[in-house]
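Work through the exercises below with the structure open. Each task is followed by its solution.

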Amino acid sequence: MRYEDEIKGKGKQVKGAAKAELGELAGDRDLEARGRQERSEGKVQETIGKTKRKVGDAVKNVGEGIAS
């Protein structure tokens, strides 16, 4: 799937934000920290997905340019 990493990364961000907020509301610093960590991991995963997609698009465009 072309956007798999981007979608999974966005999902991790949402889940992490929810955990962080819940941890903050409940006074659970461990849950809050895990949520922030998961949110950060999601941002990285999304960025990697975007980069992979852009590189793939660039390679495709170069290939099409050579073929024509």
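**Exercise 1.** With which residue does Lys10 form a salt bridge, and how far apart are the closest N and O atoms? State where the two partners lie and classify the accessibility of Lys10 and of Glu46.

Solution. The model is predicted.
- Step 1: The partner of Lys10 is Glu46, with the closest N and O atoms 3.5 Å apart. A salt bridge requires these atoms to be within 4 Å.
- Step 2: Lys10 belongs to helix α1 and Glu46 to helix α2 (residues 29–67), so the pair ties together parts 36 residues apart in sequence.
- Step 3: Lys10 has 43% relative accessibility and counts as partly exposed. Glu46, at 12%, counts as buried, because buried means under 20%.

**Exercise 2.** Treat the salt bridge between Glu38 and Lys19 likewise.

Solution.
- Step 1: The closest N and O atoms of Glu38 and Lys19 are 2.8 Å apart.
- Step 2: Glu38 lies in helix α2 and Lys19 in helix α1, so this pair ties together parts that are 19 residues apart in sequence.
- Step 3: Glu38 is buried, at 10% relative accessible area, whereas Lys19 is partly exposed at 29%.
- Step 4: Elsewhere, salt bridges with shared partners join Lys10, Glu46 and Lys50 into one network.

**Exercise 3.** What separates Glu4 and Lys8 along their helix?

Solution.
- Step 1: The side chains of Glu4 and Lys8 form a salt bridge of 2.9 Å, N to O.
- Step 2: Both are in helix α1 (residues 4–26); because they are four residues apart there, about one helical turn separates them.
- Step 3: Glu4 is partly exposed at 33% relative accessibility, and Lys8 is partly exposed at 46%.

Definitions and conventions: Residues numbered from 1 in each chain as written. Predicted model: local features only at pLDDT ≥ 70, side-chain atom pairs only at ≥ 80, totals over all residues. Heavy atoms only, no water. Helix = DSSP H or I, 4+ residues; strand = E, 2+ residues; numbered from the N terminus. Buried < 20%, exposed > 50% of the residue type's maximum accessible area, 1.4 Å probe, protein only.
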